[in-house]
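Please find below a colleague's note on the structure, set out as numbered points. The salt bridges are taken up ahead of the overall fold.

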Amino acid sequence: MLPNFNRQITLASRPLGDPGPEHFKLVEKPIPTPEPGEMLLKTQWLSLDPYMRGRMSDAKSYAKPVEVGEVMVGGTVSRVAESNLERFRVGDIVLAYGGWQDYSISNGEGVMRLDPAKAPVQTRLACSGCLA
């Protein structure tokens, strides 16, 4: 049974120097429900990468900044908790981009099923092109 909330870490303010706890906010929201053509992912592992510092800034960059109040972005290894997609079944382990939260919704675009028999699944967060 799923808990009745989704913990999310959102960007509370834009850091001018090093980011600290004051720049983030823990938010609890209802767990989203997947619509037709979507699936619900439960985050198992989260990647924390240097590029995320740039995404906290609203300076012109190669990537869109995270808006204040939005969930912080990030790659995830997730387990499919519910699925309305033929390609993915409940229990599949996937590489996704769910961000800093317990649960995320995906339409399957850019999501890759992982095989735990090939390597520990969390290694895919640091090695996106490995073991394809």
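1. In this predicted model, the count of salt bridges comes to four. One of them joins R7 and D102, with the closest N and O atoms 2.8 Å apart. This pair links distant parts of the chain: R7 belongs to strand β1 (residues 6–11), D102 to the loop between β5 (93–96) and β6 (103–106), and their positions lie 95 residues apart. R7 is partly exposed at 42% relative accessibility, whereas D102, at 13%, is buried.

2. R14 takes part in a salt bridge with D58, where the closest N and O atoms are 3.8 Å apart. Here too distant parts of the chain are linked, R14 being in the loop between β1 and β2 (24–29) and D58 in the loop between α1 (51–55) and β4, 44 residues apart. R14 has a relative accessible area of 22% and is therefore partly exposed, since the buried class ends under 20%. D58, with 55%, is exposed.

3. R14 also meets E67 in a salt bridge, at 3.7 Å from N to O. E67 lies in the loop between α1 and β4, 53 residues from R14. The relative accessible area of E67 is 35%, which places this residue in the partly exposed class. Through shared partners, R14, D58 and E67 are joined into one network.

4. K42, in strand β3 (residues 39–46), deserves a separate remark. This lysine is buried yet has no salt bridge; the nearest side chain of opposite charge is that of D102, 4.2 Å away. The separation exceeds the 4 Å limit for a salt bridge, so the pair is not counted as one. Leaving out residues up to four places away in sequence, K42 touches V77, S78, R79, D102 and Y103.

5. R79, one of the residues touched by K42, is located in strand β4 (residues 76–83). At 29% relative accessibility R79 is partly exposed. Beyond its neighbours within four places in sequence, R79 is in contact with L40, L41, K42, Q44, G91, D92 and I93.

6. As to the overall fold, the chain has one helix and seven strands, in the order β-β-β-α-β-β-β-β from the N terminus. Its radius of gyration is 15 Å, close to the 14 Å that the globule rule gives for 132 residues, so the chain is as compact as a globular protein of that length. Of the 132 residues, 40% count as buried. Among contacts with a separation of 6 or more, 60% are between residues 24 or more positions apart.

7. Finally, on charge: the mean positions of the 15 positive and 15 negative charges are 3 Å apart.

Methods:
Residues numbered from 1 in each chain as written. Predicted model: local features only at pLDDT ≥ 70, side-chain atom pairs only at ≥ 80, totals over all residues. Heavy atoms only, no water. Helix = DSSP H or I, 4+ residues; strand = E, 2+ residues; numbered from the N terminus. Buried < 20%, exposed > 50% of the residue type's maximum accessible area, 1.4 Å probe, protein only. Contact = heavy atoms within 4.5 Å. Rg over C-alpha atoms; globule rule 2.2 N^0.38 Å. Lys, Arg positive; Asp, Glu negative; His and termini not counted. Charge placed at Lys NZ, Arg CZ, Asp CG, Glu CD.
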